[in-house]
Amino acid sequence: MAIDARTVKTRIADKARAMGFAASGVARAQGAGEREGLARFLEDGRAGDMAWMRDARDVRGRPEAIWPAARSVIVLGASYAPAGDPLAPLADPARAAIALYALRRDYHDVLKKRLKVLARWIAETFACEVRVFVDTAPVMEKPLASRAGIGWQGKHTNLVSREFGSWLLLCEIFTTLALPPDTP
């Protein structure tokens, strides 16, 4: 018996939450204007010495160019919000202050491991193909997360979520499932 796409999407979101992902949303795998913004960004010289942005410009912003079989992208966010005041270290000039996500284990390793478990469950449960990305491919994660309804890109260029602020690390599962996209 076939399960409708909305039920599949709900089951995936529930499983993601149970695995510790704070946010999830779905976007279509076809690009939606991200490339125009990237082109302006590059033309204005705002990439500085980040040659990797220019090198993959033909693929970046086009999930379908990364994997043509992909129909949907499941975007997930893991919260790294501090338990206390994030500005407290600044009060002690003898103490260094670094990005909070850098105080923990490398998020690439932690999230990729969890993401692979979730992706394997999705592939086995819904008979589809999947690919996972944690900052490891030319995926424009923040615009994609915005399209998936997780938040919006602020002036500081970070993703902002109503629920989690700017405290989300992003990762994606590309899938051959045709899931209903969320509203940006």
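Start by selecting Glu64, which at 22% relative accessibility counts as partly exposed. The model on your screen is a predicted one. With Glu64 still highlighted, add Arg62, since the side chains of these two residues meet in a salt bridge with an N to O distance of 3.6 Å. Arg62 is likewise partly exposed, its relative accessible area being 27%.

How many salt bridges does the structure hold? There are three, and the next two stops take in the pairs that involve Asp14 and Arg17 and Lys9 and Asp182.

**Helix 1 and its charged pairs**

Select helix 1, residues 5-18, and show the side chains of Asp14 and Arg17, which meet in a salt bridge at 3.0 Å, N to O. Asp14 and Arg17 are three residues apart within helix 1, so about one helical turn separates them. Asp14 is partly exposed, with a relative accessible area of 41%.

Now move along the helix to Lys9 and display Asp182 together with it; the two form a salt bridge in which the closest N and O atoms are 2.9 Å apart. Because Lys9 lies in helix 1 and Asp182 in the segment after strand 6 (168-175), this pair ties together parts that are 173 residues apart in sequence. Which of the two partners is buried, and which is partly exposed? Lys9, at 15% relative accessibility, counts as buried, whereas Asp182 is partly exposed, with a relative accessible area of 27%.

**The segment after strand 6**

Stay in this region and select Pro181, which also lies in the segment after strand 6 and counts as partly exposed at 31% relative accessibility. If residues up to four places away in sequence are set aside, Pro181 touches Lys9, Val26, Ala27 and Arg28, so that Lys9, the salt-bridge partner of Asp182, comes back into view here as a contact of Pro181. For a distance to draw in the viewer, take the C-alpha atoms of Pro181 and Arg28, which are separated by 6.0 Å although the residues are 153 apart along the chain.

**Helix 1 against helix 5**

Return to helix 1 and add helix 5, residues 107-126, to the selection: the axes of the two helices come within 11 Å and cross at roughly 150 degrees. An angle over 145 degrees counts as roughly antiparallel, and helix 1 and helix 5 are therefore roughly antiparallel to each other. The crossing in which helix 1 passes helix 5 is right-handed. To see where the contact is made, colour Val8, Arg11, Ile12, Lys15 and Ala16 on the side of helix 1, and Leu118, Trp121, Ile122, Thr125 and Phe126 on the side of helix 5. Sorted by character, the residues of this contact comprise seven nonpolar, one polar and two charged.

Lys15, one of the helix 1 residues just coloured, can also serve as the starting point for a longer line across the model. Draw it to Arg147, which is 132 residues away along the chain, and the C-alpha atoms prove to be separated by 21 Å. Arg147 lies in helix 6, residues 141-147, and at 15% relative accessibility it counts as buried.

**Two residues with positive phi**

Most residues other than glycine have a negative phi, and the next two selections depart from that pattern. Begin with Ala127, in the loop between helix 5 and strand 3 (130-133). Ala127 has a positive phi of about 50 degrees although it is not a glycine. Is Ala127 buried or exposed? At 73% relative accessibility, Ala127 counts as exposed.

Then select Thr157, which is found in the loop between strand 4 (152-153) and strand 5 (159-160). Thr157 also has a positive phi, of about 75 degrees, without being a glycine, and at 39% relative accessibility it counts as partly exposed.

**A last stop in the same loop**

Finish with His156, whose place is likewise in the loop between strand 4 and strand 5. His156 is partly exposed, with a relative accessible area of 43%. As a closing exercise with the distance tool, link the C-alpha atoms of His156 and Ala88, which lie 21 Å apart in space and 68 residues apart in sequence.

Note on methods. Residues numbered from 1 in each chain as written. Predicted model: local features only at pLDDT ≥ 70, side-chain atom pairs only at ≥ 80, totals over all residues. Heavy atoms only, no water. Salt bridge = Lys/Arg side-chain N within 4 Å of Asp/Glu carboxyl O. Helix = DSSP H or I, 4+ residues; strand = E, 2+ residues; numbered from the N terminus. Buried < 20%, exposed > 50% of the residue type's maximum accessible area, 1.4 Å probe, protein only. Axes fitted to C-alpha atoms, helices over the stretch in contact; angles between N-to-C directions. Parallel < 35°, antiparallel > 145°, perpendicular 65-115°, else oblique. Left-handed = near helix turned anticlockwise from the far one by under 90°. Contact = heavy atoms within 4.5 Å. Nonpolar A, V, L, I, M, F, W, Y, C, P; charged D, E, K, R; others polar.
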